[in-house]
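Please look at the sequence and the model below, and take a moment to turn the structure around before reading on. The paragraphs that follow begin with one residue and then widen to the chain as a whole.

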Amino acid sequence: MVMPEVRRRRTRALVVGLVTALLVALGAPAGAAPIQIPVGPGVVGEPPEVSAVTYLLYDESLDKVLVSDGMDTARPMASTTKVMTALLVLENADPDELVTVTADAAIRRGSIIPLYAGEELTVRQLLLALLIRSGNDAARALAAHVAGDVPSFVTMMNERARDLGMVNTNFRNPNGLDVEDHYSSAAVLLL
């Protein structure tokens, strides 16, 4: 059994790594002040060009925010929501468990697999659909499987976010479709 502190550190590393990769992929707004990034003792590198509206670049070894803009601004988080969904599923379900897709999960909005009501798949298959295909329907099927229904799973998501110290973050669904009050900020990296 993994000790709670080790599990917390592993979870933090997973979340920070995934969010960092997503933020880097998004790419500083035009006109952002140039910065220099320390990359080692006495070595300074040029920062990457960033096109993201809000961003934060943090060096854990220095425990320092190197550059940021709007890091506390609440922004829609889209499919990065699925990282939390996957985390909770991995913490609360066996990958080989069978999931019966509910009619509520078989949605036809955004990125879907598609899933059909009554269809049975394993948690593993649905996690692959969630993380590789960004399946909104897979997110809802997994949420209902883990918590009994989507609203209960969303409560779990928000509780887990607080446990992880995720600041300025609120979940309203397991798939990241834009709805009011579903947001996070770049400061989430400062877990």
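If the neighbours within four places in sequence are left aside, N92 is in contact with V146 and M156. In this predicted model, the C-alpha atoms of N92 and V146 are separated by 6.6 Å, although the two residues lie 54 residues apart along the chain. N92 itself belongs to helix 2, which covers residues 81-92, and its side chain reaches the backbone oxygen of L88 at a distance of 2.8 Å.

Is N92 buried, exposed or something in between? Its relative accessibility is 42%, and because buried means under 20% and exposed means over 50%, N92 counts as partly exposed.

A second place to look is L128, which is found in helix 3, the stretch of residues 123-131. With a relative accessibility of 48%, L128 also falls between those two limits, and therefore counts as partly exposed. Together with L131 and I132, L128 makes a nonpolar patch on the surface, with an area of about 330 Å².

These two places can now be set within the whole chain. The chain has 5 helices and 6 strands, and, read from the N terminus on, its elements follow the order α-β-β-β-β-α-β-β-α-α-α. Of its 191 residues, 40% count as buried. The accessible surface of the chain comes to about 10,500 Å², and 57% of that surface belongs to carbon and sulfur atoms.

Methods
Residues are numbered from 1 along each chain as its sequence is written. This is a predicted model: local features need pLDDT of at least 70, side-chain atom pairs count only at pLDDT 80 or more; totals for chains, interfaces and linings use all residues. Side-chain values use heavy atoms; hydrogens and water are left out. Patches are made of residues with over 30% relative accessible area and no salt bridge: like charges are joined within 9 Å, nonpolar side chains (Val, Leu, Ile, Met, Phe, Trp, Tyr) within 5 Å. Accessible areas come from the Shrake-Rupley method with a 1.4 Å probe; for residues, only the protein chains shown count as cover. A salt bridge is a side-chain nitrogen of Lys or Arg within 4 Å of a carboxyl oxygen of Asp or Glu. Helices (H or I, at least four residues) and strands (E, at least two) are DSSP runs, numbered from the N terminus. Buried means under 20% relative accessible area, exposed over 50%, partly exposed in between (1.4 Å probe, protein chains only). Contact means heavy atoms within 4.5 Å. A polar contact is a pair of N or O atoms within 3.5 Å; within protein, one must be able to donate a hydrogen and the other to accept it, and residues adjacent in sequence count only if both atoms are side-chain atoms.
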